[in-house]
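Biologist: Got a minute to go through this one with me? I'd like to talk about aromatic rings and then a helix.

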Amino acid sequence: MDSRRVVKASAETPMQQSSFAMDIYFIVALLTLGAFTGFFAGLLGIGGGGIMVPALTMLFVQQQFPAEHIVHMALATSMTAIVPTAIASLRAHHQHQAVIWPVVIKIAPGILLGTFAGTFLASYLAAKPLAIFFSCFMALVALQMVLNRKPKPSHQLPGALGMSTVGTGIGGISALVAIGGGTLTVPFLVWCNIRLPIAIGTSAAVGLPIALAGAAGYAVNGWGISNLPNYTLGYIFWPAVLAMAAMSFITAPLGAKLAHRLPITLLKKIFALLLIGLSVHMLVTVFGN
């Protein structure tokens with residue numbers, strides 16, 4: 001009997017080691033993703049969803065999460081993880097006096113409304129249409145940055161009603177693709193003749209209400225959905241949120257510091273290349289599985 005137990009234990013060891021190694025790989029991947037996301041969130045004024053969504057989609061596929069919920073979980077988890085990233089990023093940019101707070105206050109009501117409403121639409125869309133919309137949207141933003149068109153001198157920030165309307169649009173699209181709004185807010189502010197470093201800092205602050213409303217919306221819309229993994233609240237997968245947030249809170253200030261030192265032209269090129277690469281990657285991930 002004892003010898004059989006020894007043989008059985010010996011036979012189970014490789015599988016246990018393999019499962020343990022997979023868990024470690026998953027955790028390390030999430031920590032790395034959080035560090036990478038936080039740095040670029042601070043550098044470019046984005047929430048980081050453009051980086052997190054395709055990466056999380058790939059990781060969730062590898063973990064064999066339910067295919068019909070993978071993109072929704074990636075969107076929800078990304079949006080929730082943006083909250084601490086946005087806080088760290090906006091604090092760093094505020095210290096550089098790069099946040100126009102009156103703009104943040106005027107645009108916030110529309111942001112909250114548009115983002116929360118957008119989560120309801122995203123929750124009813126299938127994974128592949130969401131992936132296509134995400135990728136096409138990111139590619140268009142990247143093209144705009146590459147063309148580097150100069151805004152007309154007459155372009156100025158609109159009034160409170162105009163800012164709230166713009167915020168609703170930014171919030172709605174941000175919810176659909178789980179971004180902190182930087183890919184829309186930064187080009188909009190630059191179009192209104194705001195200097196890029198200031199636009200990046202202000203966008204980082206705008207990302208906080210987007211993330212809060214988006215996280216709440218995805219939690220509500222995923223509530224009661226069956227066949228979701230353990231440790232989820234709605235569509236939000238909390239182990240990923242906590243792992244990514246821990247690292248992004250550290251690296252976001254480093255990116256913000258660098259944003260005020262790099263040339264503006266180089267910042268735009270980095271921004272565009274990052275978005276193009278992520279758009280292609282997400283399409284390959286979703287349609288390849």
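Modeller: Sure. Rings of Phe, Tyr and Trp count as a pair if their centres lie within 6.5 Å. Keep in mind that this is a predicted model.

Biologist: OK, which residues do ring pairs link into a cluster?

Modeller: Phe26, Phe60, Phe65 and Phe237.

Biologist: And how many aromatic pairs does the structure hold?

Modeller: Five. Take Phe26 and Phe237: the ring centres are 6.3 Å apart and the planes sit at 40 degrees, so that pair is tilted.

Biologist: Where in the chain are those two?

Modeller: Phe26 is in helix α1 (residues 2-44) and Phe237 in strand β2 (residues 236-237), so to speak distant parts of the chain, 211 residues apart. Both Phe26 and Phe237 are buried.

Biologist: What about Phe60 and Phe237?

Modeller: That pair is edge-to-face, with 5.8 Å centre to centre and 85 degrees between the planes. Phe60 belongs to helix α2 (residues 49-62), 177 residues from Phe237. Phe60 is buried too, like Phe237.

Biologist: Switching to α3: is it mostly covered or uncovered?

Modeller: Mostly covered, with 22 of its 26 residues buried.

Biologist: Where does α3 bend?

Modeller: At Val83, by about 30 degrees, and Pro84 follows within four residues.

Biologist: With that bend, what span do the end C-alpha atoms of α3 give?

Modeller: They are 38 Å apart. At 1.5 Å a residue, the 26 residues of α3 (residues 70-95) should span 38 Å, so the two agree.

Biologist: And what follows α3?

Modeller: Gln97, with a positive phi near 55 degrees.

Technical notes: Residues are numbered from 1 along each chain as its sequence is written. This is a predicted model: local features need pLDDT of at least 70, side-chain atom pairs count only at pLDDT 80 or more; totals for chains, interfaces and linings use all residues. Side-chain values use heavy atoms; hydrogens and water are left out. Rings of Phe, Tyr and Trp (its six-membered ring) pair if their centres lie within 6.5 Å; planes under 30 degrees apart count as stacked, over 60 as edge-to-face and the rest as tilted. Buried means under 20% relative accessible area, exposed over 50%, partly exposed in between (1.4 Å probe, protein chains only). The expected span of a helix is 1.5 Å times one less than its number of residues. The bend at a residue is the angle between axes fitted to the seven residues ending there and the seven starting there.
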